[in-house]
Amino acid sequence: MARPRLHRDAPGVPARRAALRLLDAVLRRGLALEAALDTAARGLDKREDRALAHAIAAETLRHLHDCDALIDSATARPLPDDAKARFALRIALTQALAMGVAHHAAIATVLPLVDGGPRKLVHGVFGTLIRKGVTFPNPPALPPAVAQRWQTSWGEDIVRAAGAAIAAPPPIDVTLKPDADPTALEGESLLPGHVRLSGDTSVPARAGFAEGQWWVQDIAASLPARLAGRGAGTALDLCAAPGGKTMQLAAAGWQVTALDRSENRLARLHANLERTGLTATVIAADALEWTPEQPVDLILLDAPCSATGIFRRHPDVLHRVRPAIIAEMAELQARLLARAADWVRPGGQLVYATCSLEPEEGERQIEAFLKTRSDYRVEPETAVPLPDGVMPFSQGWIRTLPGTLADKGGMDGFFICRMIRKG
Ligand SMILES: C[S@@+](CC[C@H](N)C(=O)[O-])C[C@H]1O[C@@H](n2cnc3c(N)ncnc32)[C@H](O)[C@@H]1O
């Protein structure tokens, strides 16, 4: 599909070309939006163009199903899913209907994407729909396969809440170091050591960021390390990068070893530790091959997963995560869990977490684990404050879902289970 061009495009067009390359990477090649960004944005002159390409692609993915329904309503024969004309129309419609771009600019910036091809068709379909005064439904529709899957797992209300969550911009939460002053930040505190930011100031420009007083972390993502409690010995953060939970553990007084297999992501972890002045021993290794020298008091396994719980910020997961990927991730998690379980000292804790809305990566995973590991029991930490509407299930684990804390802007979907190795 589209490649960087050598001739000069009109202003605004290069960002749309990059957005098209991003959509192609996600929808045809199954790549994550963030993973595809560097390649798709190569050749863009300006940093703002890269951000704009990302914003257009992400917004298109939020409205993809509704975009396609509109396009299909205006074409005599359905365009193939991978037709360039469909991609161009998706971008034009999203800009016009969801991003406040003037209609003439929305179409003018995508027509060069189909130069030498179906320009007339793209122009015609866009014009027909705009003249009809079409709008996107509110809330946006989930892709049918996802709606079906979450309907089966969680029911109709959660599917509806997920749609509403796509429509609203996700809040920015921060976790503060214990000695930081939450009132220095503009926003609302929903837990001790937490602020949900308000106002338009960029993150790096806010009070205390440069001084390393806090870091960005969704409130749901802050729960696994909170459950581990105050530092009481050695902690192994097994899938640690970029380090949100490593910093929480270090700030809580744990003596942390942070391990991850991704050098790129570990570079971000190092930068985070440097900015916050927190300390951890950092190891670049594959947890499926590495072994610690001695057992530890705490293992936090924030396992790699399908990431469907963070669909608000990463809407690509709605389109590229299929049952085969969920099964593959669940198998990897089971292998990591089995290894980690041997490294916790008797009486120590194992906290397992995934940012997934799939029970296979949460509830089912822990049920299967406990069947083979009679030396573990689930133990909710009742002394740790939880956000409104979040409480341990009868089995002892915590599950956050779309719709949790909805009146305050919601939270990511997470599964968290704290277990104790019997003494
Ligand atoms: C959910 S992310 C971790 C987020 C991190 N805990 C935080 O709070 O910032 C999962 C991490 O697991 C790492 N990972 C995946 N497979 C791994 C393996 N076999 N060994 C070590 N790290 C792995 C990935 O590189 C990724 O950084």
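The expected span of a helix is 1.5 Å times one less than its number of residues. Keep that rule at hand as we walk through this structure, which is a predicted model. Let us try the rule on helix H1 straight away. H1 has 15 residues, so the rule gives a span of 21 Å, and the C-alpha atoms at its two ends are indeed 21 Å apart. The helix is also mostly covered, with 13 of its 15 residues buried.

Now step back to see where H1 belongs. The protein is divided into domain 1, residues 13–132, and domain 2, residues 173–421. Their C-alpha centres lie 35 Å apart. Where the two domains meet, nine residues of domain 1 are in contact with six residues of domain 2. On the domain 1 side, the elements that give two or more residues are helix H1 (13–27) and helix H3 (47–62). H3 provides the largest share of that side, three residues. What kinds of residue make up this side of domain 1? They divide into seven nonpolar, one polar and one charged.

Let us move along the chain to the loop between helix H7 (119–132) and helix H8 (144–154), where Pro139 has its place. A cis peptide bond joins Asn138 to Pro139, with omega at about 5°.

Next comes a small sheet. Four strands form an open sheet in the order E2-E3-E1-E4, and the pairing is antiparallel. Which strands are at the edges? They are E2 (187–188) and E4 (214–216), each of which pairs on one side only. E2 is joined by two bridges to strand E3, residues 194–197. In this pair, Gly187 stands opposite Leu197 of E3.

Further on, strand E6 (residues 255–260) and strand E7 (residues 281–284) pair over four bridges, this time in the parallel sense. Here Asp260 stands opposite Ala284 in E7. To get from E6 to E7, the chain passes through helix H12 (residues 263–276), and this β-α-β crossover is right-handed.

Pause on helix H12, because Arg268 lies in it. Is Arg268 buried or exposed? A residue counts as buried with 20 or more other C-beta atoms within 10 Å, and as exposed with 12 or fewer. Arg268 has 14 such atoms, so it is partly exposed. Leaving aside neighbours within four places in sequence, Arg268 is in contact with Ala241, Pro242 and Gly243. Gly243 is 25 residues away from Arg268 along the chain, yet their C-alpha atoms are separated by 7.6 Å. Two of these partners share a special bond: the peptide bond from Ala241 to Pro242 is cis, with omega near 10°. Pro242 is found in the loop between strand E5 (234–237) and helix H11 (244–251).

Two more loop residues are worth a look. Ala307 is found in the loop between strand E8 (296–302) and helix H13 (317–320). Its phi is near 65°, a positive value in a residue other than glycine. With 23 other C-beta atoms within 10 Å, Ala307 is buried. Leu405 has its place in the loop between strand E11 (398–400) and strand E12 (414–421). Phi of Leu405 is also positive, near 60°, and this residue too is other than glycine. Leu405 has 18 C-beta neighbours inside 10 Å, so it counts as partly exposed.

Key: Residues numbered from 1 in each chain as written. Predicted model: local features only at pLDDT ≥ 70, side-chain atom pairs only at ≥ 80, totals over all residues. Domains from an automatic or database assignment. Contact = placed C-beta atoms within 7 Å. Nonpolar A, V, L, I, M, F, W, Y, C, P; charged D, E, K, R; others polar. Pairing = 2+ DSSP bridges. Right-handed = clockwise from strand over helix to strand, strands pointing away.
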